[in-house]
Amino acid sequence: MHPAAWLMLGALALVACGDELELYGPRTDDYPVLLWVGRNAEAPPCPGDRLDYWEGWAYEAASDECGPCTCGPAACVAPSSLTTYAAIRCDGEGEPLTITAEEGWHGTCIAIDPPVSSERFASVLFEPPALAPQCAPSPPLEPPPISGDFAKVCPLEGSHASWERFALCITPEADGLCRPGFTNRLEFTVRLSDNRACTPCACGAPTGGRCMADVMLYGDATCNTQIDLGAFIDQGDNPCHDVPAPLPLAAVRTVLTRAEPGSCTPTPATSKVVGTVERGEKRVFCCEK
């Protein structure tokens, strides 16, 4: 018989038996793919240097804590004001005059312009040093990393040798089940955006610490002619000094002689995770064992 006739008979035989054959070929909406699963940083390039077909994640439970909160020390703050009186013992006739340094003053020699005349400067009430009103909380924390398996899907390209680190996969049947030969069912989702944040840390009121200061008063603007000294002024003290010299008050200088910072308790003790990770559609792959 002519070879062409044998070929025709063979084709007819296959068609006739087609209803009885159970061929497990890939059932996909596209084509079989190569799937790699592991840590994101270790993902290999696609065989044949092709671009990724799809990327997704299989998530594990992430921690709901960002980390412990901490508080910096409550530093000692030098006196920044004083009040002069026209009478001794910080009392009596005349209106008292309060002198306050500008914010951020660190105790260096500061001229008083105009100077306080001797008629209004018979006594002085010193302001005590103090702890800073609050401690600085730890800076905002970052949410903990999401631990999970990274999935990289590549087109079916290259030689079999280049598939060594990949699994051959297809999509599941219409009922969601995997066909024989591709029974390893894996689910992944796309991470669209990470909207998580950490609750802020705060600190309670300062406690402990010890602050003491010396306050020097001068009759000249360059702090050379000292009139009086408020020495070892402690926290909570408001000492009044009668001024011995009949001179105007022209400048002031302060020095912290003891500066033991206070401490604060963080509130809350732990920063928590708020917000969610927005995920895209789920993809299911049926892979060879």
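**Strands, sheets and one exposed loop residue**

Modeller: Five of the six residues of strand 1 (residues 33–38) are buried, so strand 1 is largely enclosed by the rest of the structure. Buried means under 20% relative accessible area, exposed means over 50%, and partly exposed lies in between, with a 1.4 Å probe and protein chains only. Strands (E, at least two residues) are DSSP runs, numbered from the N terminus.

Colleague: What sort of model is this, and how are residues numbered?

Modeller: This is a predicted model, in which local features need pLDDT of at least 70 and side-chain atom pairs count only at pLDDT 80 or more, while totals for chains, interfaces and linings use all residues. Residues are numbered from 1 along each chain as its sequence is written, and side-chain values use heavy atoms, with hydrogens and water left out.

Colleague: How many bridges join strand 1 to strand 11?

Modeller: Three bridges link strand 1 with strand 11 (residues 167–170), and the two run antiparallel. Strand 1 also pairs with strand 10 in the antiparallel sense, over six bridges. Two strands pair if DSSP finds at least two bridges between them.

Colleague: Which residues stand opposite Leu35?

Modeller: In strand 11, Leu35 faces Ala167; in strand 10, the bridge partner of Leu35 is Val153.

Colleague: Turning to the open sheets, what is the order of the one with strand 8?

Modeller: That open sheet has four strands in the order 6-5-8-16, paired antiparallel. Strand 6 (97–100) and strand 16 (240–242) are at the edges with a single partner strand each, so one side of each has no neighbour in the sheet. On average, neighbouring strands of this sheet are turned by 25° against each other, direction ignored. The axes are lines fitted to C-alpha atoms, and angles run from 0 to 180 degrees between N-to-C directions.

Colleague: How many bridges are there between strand 5 and strand 8?

Modeller: Strand 5 (residues 81–85) and strand 8 (residues 123–126) pair over four bridges, in the antiparallel sense. Ser123 in strand 8 is the bridge partner of Tyr85.

Colleague: And which strands stand at the edges of the sheet 7-17-14-15?

Modeller: In this open, antiparallel sheet of four strands, strand 7 (110–116) and strand 15 (226–234) stand at the edges, each with a single partner strand, so one side of each lacks a neighbour in the sheet.

Colleague: Different topic: is Gln134 buried or exposed?

Modeller: Gln134 counts as exposed, at 59% relative accessibility. Gln134 lies in the loop between strand 9 (130–131) and strand 10 (148–155). The C-alpha atoms of Gln134 and Ala74 are separated by 6.2 Å, although these residues are 60 residues apart along the chain.
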